[in-house]
Amino acid sequence: MPLPKLPTLKSRDALAVQAASAQAASGGPPVTAAPIGAGSAEAATARDALVLLKRASDRIGLGDLELAMVQSAEKKIANGEYAAAVESLALLNADLDRSVRLYTAAKSENLRAVAGREEGYSNAALWPLIWRANLEALPEPWQLQRDQKLIIPRFPPIADVVAALRYAQEHPQDVVRPEARTAPRAANAAAAASSAPEPASQPSPAPKAASKPQAAAPAPGASTSAAASGG
């Protein structure tokens, strides 16, 4: 997944220090971090500005225009212009939430393939983001049809991206039709069995050599008879 382009998000203390420096340079009264932590209306507005700033910053896919708008709001916060920052950031977040791409599914295409395209997120594992954005028309992720229109959010929050990656890892088969989930597994098992090497045959034991017959012992009296006949 390409690394998201994010601006440097300053902490509340850093923004307060920057605001104090700006006020001191302009000759105005110094601004401290106390108003942000206090319970005044200005403090509430400052907190709202920081929340909206983080929401706008923590997204993937931000381009140069969006980053410039985020950085402009960051400067307003640093200068203590909290109400102006809240107004601009609220509009920016609304625009980022509404910004989508439209995509028409091709034949035999699933959500994983769509997410891997440049028109998607160039990352197939982010298919749950597309599914969630089209949940009403696509109750199950494997139900994608040819020529079906899809909405692809352009600037999803990083938290949603992390959740999508986790879901895709835990449910890798959800984009595959149920009838096609077991067939490849059985075919792979059969292919593995056919390609497995046959076990080496054990050599048959060598036949034992035939034992030589023992010479028959002469019958009693045979030697004396032969001697008598030869005599």
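Rings of Phe, Tyr and Trp (its six-membered ring) pair if their centres lie within 6.5 Å. With that idea in hand, let us tour this predicted model one close-up at a time.

**View 1. Aromatic rings meet around helix H7.** A search of the whole structure turns up three aromatic pairs. One of them brings together Trp127 and Trp131, whose ring centres are 6.3 Å apart, with 35 degrees between the planes. That angle makes the pair tilted, because stacked planes are under 30 degrees apart and edge-to-face planes over 60. Both residues sit in helix H7, four residues apart, so about one helical turn separates them. Trp127 and Trp131 are each buried.

**View 2. Trp131 also pairs with Tyr167.** Here the centres are 6.0 Å apart and the planes make an angle of 45 degrees, giving another tilted pair. This contact links distant parts of the chain: Trp131 belongs to helix H7, Tyr167 belongs to helix H8, and their positions lie 36 residues apart in the sequence count. How exposed or buried are the two partners? Trp131 is buried, at 15% relative accessible area, whereas Tyr167 is partly exposed, at 26%. Taken together, Trp127, Trp131 and Tyr167 make up one aromatic cluster.

**View 3. A salt bridge joins Asp97 and Arg59.** Side chains of opposite charge can pair when their charged atoms come close. The structure holds six salt bridges, and in this one the N to O distance is 2.8 Å. Asp97 lies in helix H5 (residues 82-98), while Arg59 lies in the loop between helix H3 (41-57) and helix H4 (64-78), so the bridge ties together parts that are 38 residues apart in sequence. Is Arg59 buried or exposed? Arg59 is buried, with a relative accessible area of 1%. Asp97, at 40%, counts as partly exposed.

**View 4. Asp95 and Arg98 form a salt bridge within helix H5.** The side chains meet with an N to O distance of 2.7 Å. These two residues are three apart in the helix, so about one helical turn separates them. Asp95 is partly exposed at 41% relative accessibility, and Arg98 is exposed at 58%.

**View 5. Asp160 and Arg132 bridge two helices.** The closest N and O atoms of this salt bridge are 2.7 Å apart. Asp160 comes from helix H8 (residues 158-170) and Arg132 from helix H7 (residues 127-133), so the pair ties together parts that are 28 residues apart in sequence. Arg132 is exposed, at 52% relative accessibility. Elsewhere, salt bridges that share partners join Arg55, Arg59 and Asp97 into one network.

**View 6. Two serines have a positive phi.** Which loop holds Ser108? Ser108 is found between strand E1 (100-104) and helix H6 (111-116). Its phi is near 60 degrees, a positive value in a residue other than glycine. Ser108 is exposed, with a relative accessible area of 75%. Ser122 is not a glycine either, yet has a positive phi of about 55 degrees. You can find Ser122 in the loop between H6 and H7, where Ser122 is partly exposed, with a relative accessible area of 42%.

Conventions. Residues numbered from 1 in each chain as written. Predicted model: local features only at pLDDT ≥ 70, side-chain atom pairs only at ≥ 80, totals over all residues. Heavy atoms only, no water. Salt bridge = Lys/Arg side-chain N within 4 Å of Asp/Glu carboxyl O. Buried < 20%, exposed > 50% of the residue type's maximum accessible area, 1.4 Å probe, protein only.
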